[in-house]
Amino acid sequence: CDTGKDSTYAAVAAYQLGRIARDDKDLAAARDWFDRARTLAADPGTRDIATLAAAEARIDLGAFQEAADLLRELALAGAPSETKDRALLGLVRSLYGAKDYTGAIESYKNARADLRSSSLRMQAALFVAQAYTRTGQGSEAVTLLDIVALAARPNDGKILLNGSDILPRPNAARPLIGYVPQDIALFEELT
């Protein structure tokens, strides 16, 4: 079953076995089944989904560089799609996990305009904010977090919350946003 419909059925079966293994917390088996699905997939869409699943299994196993290698092309090429959005988030996560902070920042900068999902865009941006602090560019991270917390305004663009731009009415959105700094500052004279 290496060509045509048989190959597609085999790829889908391997993918499903990978999901079962992942649900059973057998991440190495999940990775192997997802890799098999990638090999068997005849159409690019099925191959992309299997590649994404194989990379996510590698992230869960701590094989960050392997995950980044799988995700790089998927995240940075092709038309915007949900798969591409998840691939970009996975790429940023895997590069961050591999301690390639500059790579995480650059990958995000190169593809952020293509991200369709505001939720995934925010998750990736938060990894990038952490990467900025790891590279000594903490002011970039603080600026990003200040913008997200509505403590500063961006030079351009939008901040979407549930699909609506909140910049025109930030006071209405403030009760819906929480921000907890990494280090809590307590002032002795005030407490």
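The exercises below work through helices, contacts and exposure in one predicted model.

The model is predicted: local features need pLDDT of at least 70, side-chain atom pairs count only at pLDDT 80 or more, and totals for chains, interfaces and linings use all residues. Residues are numbered from 1 along each chain as its sequence is written, and side-chain values use heavy atoms, with hydrogens and water left out.

**Exercise 1. Compare the span of helices H3 and H4 with the span expected from their residues.**

Step 1. Helices are DSSP runs of H or I with at least four residues, numbered from the N terminus. The expected span is 1.5 Å times one less than the number of residues.

Step 2. H3 covers residues 44-61, which is 18 residues. The distance from its first C-alpha to its last is 25 Å, close to the expected 26 Å.

Step 3. H4 covers residues 64-76 and has 13 residues, so it should span 18 Å. The end C-alpha atoms of H4 are 17 Å apart, which agrees.

Step 4. H4 nevertheless has a bend of about 35° at Leu 70. The bend is the angle between axes fitted to the seven residues ending at a residue and the seven starting there.

**Exercise 2. List buried residues of H3 and H4, then describe Gly 62 in the loop between them.**

Step 1. Buried means under 20% relative accessible area, exposed means over 50%, and partly exposed lies in between (1.4 Å probe, protein chains only).

Step 2. In H3, the buried residues include Ala 50, Leu 52, Ala 57, Arg 58 and Ile 59. In H4, they are Ala 67, Ala 68, Leu 70, Leu 71, Leu 74 and Ala 75. Leu 70, where H4 bends, is thus on the buried list.

Step 3. Gly 62 comes just after H3 and takes a positive phi of about 85°. With 38% relative accessibility, Gly 62 counts as partly exposed.

Step 4. Gly 62 and Gly 97 are 35 residues apart in sequence, while their C-alpha atoms are 7.6 Å apart in space.

**Exercise 3. How many aromatic pairs does a search of the whole structure find? Classify the pair of Tyr 15 and Phe 34.**

Step 1. Rings of Phe, Tyr and Trp (its six-membered ring) pair if their centres lie within 6.5 Å; planes under 30 degrees apart count as stacked, over 60 as edge-to-face and the rest as tilted.

Step 2. The search finds two aromatic pairs. In the pair of Tyr 15 and Phe 34, the ring centres are 5.3 Å apart and the planes stand at 45°, so this pair is tilted.

Step 3. Tyr 15 belongs to helix H1 (residues 4-23) and Phe 34 to helix H2 (residues 27-40), so the pair links distant parts of the chain, 19 residues apart.

Step 4. Phe 34 has 0% relative accessibility and therefore counts as buried.

**Exercise 4. Describe three of the salt bridges and the exposure of their partners.**

Step 1. A salt bridge is a side-chain nitrogen of Lys or Arg within 4 Å of a carboxyl oxygen of Asp or Glu. The structure holds six.

Step 2. Arg 31 bridges to Asp 32, with the closest N and O atoms 3.1 Å apart. Arg 31 is partly exposed at 24%, and so is Asp 32 at 42%.

Step 3. Glu 56 and Arg 86 meet at 3.0 Å, N to O. Glu 56 is in helix H3 and Arg 86 in helix H5 (residues 82-97), so this bridge ties together parts that are 30 residues apart in sequence. Glu 56 is partly exposed at 22%, as is Arg 86 at 33%.

Step 4. Arg 72 and Asp 69 form a bridge of 3.5 Å, N to O. Both lie in H4, three residues apart, about one turn of the helix. An α-helix has 3.6 residues a turn, so residues three or four places apart point the same way.

**Exercise 5. Which two lysines have a positive phi of 65° or so, and are they buried or exposed?**

Step 1. Lys 25 has a phi near 65° and lies in the loop between H1 and H2. Lys 99 has a phi of about 65° and sits in the loop between H5 and helix H6 (101-111).

Step 2. Lys 25 has a relative accessible area of 69% and is exposed; Lys 99, at 62%, also counts as exposed.

Definitions and conventions:
Helices (H or I, at least four residues) and strands (E, at least two) are DSSP runs, numbered from the N terminus.
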